[in-house]
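Hello,

Here is the structure I promised to pass on. My notes follow below it.

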Amino acid sequence: MDDLQLTLKTTFGYNEFRPLQREIIESTLAGRDVFALLPTGGGKSLCFQLPALLQPGLTVVVSPLIALMKDQVDQLQAVGVAATFLNSTLTADESRSRLRGLHRGEWRLLYVAPERLMLDNWQENLKNWNVTAIAIDEAHCVSEWGHDFRPEYRQISKLRELLPGIPLMALTATATERVRADIIKHLKLRDPGIYVASFNRPNLTYRVLSKDQPQKQIIDFVRKREDESGIIYCASRAGAERIAEALAGRGFSARAYHAGLDVVERSRNQEAFLRDNTKIICATIAFGMGINKPNVRWVIHHDLPKNIEGYYQETGRAGRDGLPGDCLLLFSGGDAAKQTHFIDEITNEHEKSVARAQLRQMMHYAESSGCRRSELLEYFAETFPLDNCGACDNCNEPRETYDGTIVAQKFLSCIYRIRQAGQHGVGMNHIIEVLTGADTEKISRWNHQRLTTYGIGKELARPAWAAVGRELMRLGYVAQADSEFPVLEVTEEGRRVLVARERITLTKPLALPKAKRVARREGDIECDEILFARLREVRKRLADERGVPAYIVFGDTTLREMARAYPTRLAELEGITGVGEKKRAEFGDTFTRAIDDFLKSNPRMKFD
Ligand code: ADP
Ligand code: ZN
């Protein structure tokens, strides 16, 4: 075992590094600048926390999220690391005492907000504190092209002049090519080691259901997961409130979280969720930044997200501890139409076309019959190597297809005829109106009731035609102009299959959910579920006594491993993930005793 492995084990209680952690740590210890792009839950914090323990001096961690600082510092203190933070939530006395500690070199890690670094007396301080490394968390905040630009981040590069020769580490979970380049440029990284992990989250499963009585769908879903924490994302505040009430009214432990609540209630609800006092949070996207609760087991999207990036980040909040998480999206064409309507109101042409393209990608994701995982990864320019991921609805239960030759021909020739008949292109709605033989003002104005394709599609309802149209776009037979009017055209390829009367296979629309019990999830650590529940209570009591969230004591992985190995003596805690020396000394007795007690009245289960 080398030093890195040893510290990982004795302090953090982990047996192995996650992908790229070791490389990043070695690089920074060698004095090199680092750019690290790891997905949520990838274990970014460890990349600067562990080296901070292996070298003398202070590691400064710049983070934009005041709410997260306390959390991270609590977690570090729980494993015996001298870490502290300075921000506006502290009293003057408390700040002074921490500053004294910094002058005396008592801390190994200091968390600060970026705006603080630039105060005059701080610059003097930093020079005196024997800083050996600087980590910039959420580094995408430096870029205007990121989703969370913070002007203060632009100041950080001044640290370079102030502390020449000190290695900088920039970390983020979200960065397109453009944002990546921005980070390197604006933070003035020097020949950085660049580490980009896969964005695949192997422990998450993905599923899309056709939205139909969503409240009932949600209740069916959470009923099978009574003990688990989850987040339900809604597009509107009212929606979040409504779902929270519906769930609470049925005895579920659920609360709302959105920007319309006052600060006190909002932080109370967030706190309750972090501490497992409430299991379910019904939230708008305001909830999330700054949530690093590791044991979120599922995420439901009640409404269609605006873009894939957002969807990826929001679902990414499930399963940060590496245990399974389930992601469910409720999709309806109606929701998409509503969004299209909002987008039409946008006055800035550039924004409008970006929003349109993003919505199109999102709908493509929802309606595609391809692997959800590869679709998501494709968005991040990553290719998923397998044909079947084994953990999404489309891979596990391939969608039914049908011979769609006739409907496709009707749709394509309708576009074609309208074009032939004259003047200008038309959008999806009008095509469908012609197909279904509607009597609209536009149809009579343009004489479209005379077209040979008028009324030839009465066998399908409008939403079904819209689904056909979208699939033909996905297949590349129809293109939508990216102009002010989203006009449809038959593509070269579309014309070819139409002329050749080629067979076209279409996918049946998303089926309504089958009432089916989900089996215990794959990847979950099999354990004595009754003991696991008992240990959760012990954990909760310890956490409440200390006024911290449960996961600061131990994560679910740790408890599951205990509920499998039944350690009744301290020595038997060896090898259990997440039990380092400090936590073994502090909590070991309580847990081993609880297990010993449990075994007096319960049989020991066998696992292979
Ligand atoms: P990120 O900031 O990249 O989203 P975190 O740093 O919050 O991820 O880590 C996510 C979770 O994984 C935390 O609970 C952390 O303690 C845990 N973790 C980090 N590294 C390891 C490891 N090598 N082995 C096991 N768990 C780890
Ligand atoms: Zn798949």
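Leu-37 has its bridge partner in strand 7: Val-196. This is a predicted model, so please read everything here in that light. Ala-36 stands opposite Tyr-195, also in strand 7. Strand 1 and strand 7 run parallel, and four bridges join them.

**The sheet**

Strand 1 and strand 7 belong to an open sheet of seven strands. The order is 3-4-2-5-6-1-7, with parallel pairing. Strand 3 (83-86) and strand 7 (193-196) stand at the edges. Each has a single partner strand, so one side of each is left without a neighbour in the sheet. On average, neighbouring strands are turned by 15° against each other, direction ignored.

Strand 7 has two distinct faces. In a regular strand the side chains alternate between the two faces of the sheet. Along strand 7 they do alternate. Gly-193 and Tyr-195 point to one face and are buried. Ile-194 and Val-196 point to the other and are not buried.

Now to strand 2, where Thr-59 lies. Is Thr-59 buried or exposed? Its relative accessibility is 2%, so Thr-59 counts as buried; the cut-off is under 20%. Leaving aside neighbours within four places in sequence, Thr-59 is in contact with Phe-48, Ala-52, Arg-108, Leu-109, Leu-110 and Ala-133.

**Helices across the sheet**

Helix 5 (residues 92-103) lies across strand 2 (58-62), strand 3 and strand 4 (109-112). Helix 5 runs at about 130° to strand 3.

Helix 9 lies across strand 1, strand 6 and strand 7. Its direction is at about 155° to strand 1. Which residues of helix 9 (residues 177-186) are buried? They are Val-179, Asp-182, Ile-183 and His-186. These cover an arc of only 100° around the axis, which puts them on the same side of helix 9. That buried set packs against strand 1 (34-37) and strand 6 (168-172). Glu-177 and Lys-185 are on the other side of helix 9, and they are exposed. After helix 9 comes Lys-188, with a positive phi near 55°.

**An enclosed helix**

Look next at helix 13 (residues 308-315). Eight of its eight residues are buried, so helix 13 is largely enclosed by the rest of the structure. The buried residues include the pair Tyr-311 and Tyr-312, and also Glu-309, Gln-313 and Glu-314. What covers them? The cover includes strand 8 (204-210), strand 9 (229-233), strand 12 (296-301) and strand 13 (325-331). Helix 15 and helix 16 are also part of the cover.

**The zinc site**

Which residues coordinate the zinc ion (ligand 2)? Cys-371, Cys-389, Cys-392 and Cys-395 do, each through SG. The distances are 2.3 to 2.4 Å. The four donor atoms subtend angles of 100 to 119° around the zinc ion, which makes the arrangement tetrahedral. The ideal angle for four tetrahedral donors is 109.5 degrees.

In sequence, the donor residues are spaced C-x17-C-x2-C-x2-C. Cys-371 and Cys-389 are 18 residues apart, and this pair links distant parts of the chain. Cys-371 sits in the loop between helix 15 (349-367) and helix 16 (372-379). Cys-389 sits in the loop between helix 16 and helix 17 (393-396). Both Cys-371 and Cys-389 are buried.

Best wishes

Key. Residues are numbered from 1 along each chain as its sequence is written. Chains are lettered from A and ligands numbered from 1 in the order in which they are written. This is a predicted model: local features need pLDDT of at least 70, side-chain atom pairs count only at pLDDT 80 or more; totals for chains, interfaces and linings use all residues. Side-chain values use heavy atoms; hydrogens and water are left out. Donors are N, O and S atoms within 2.8 Å of the metal (3.2 Å for Na, K and Ca); water is not among the atoms, so sites may look incomplete. Four donors count as tetrahedral if all angles lie between 85 and 135 degrees; four count as square planar and six as octahedral if opposite donors are over 155 degrees apart and all others between 65 and 115; anything else is irregular. Buried means under 20% relative accessible area, exposed over 50%, partly exposed in between (1.4 Å probe, protein chains only). The arc is that of the directions from the helix axis to the C-beta atoms. Contact means heavy atoms within 4.5 Å. Two strands pair if DSSP finds at least two bridges between them. Axes are lines fitted to C-alpha atoms, for helices over the stretch in contact, and angles run from 0 to 180 degrees between N-to-C directions.
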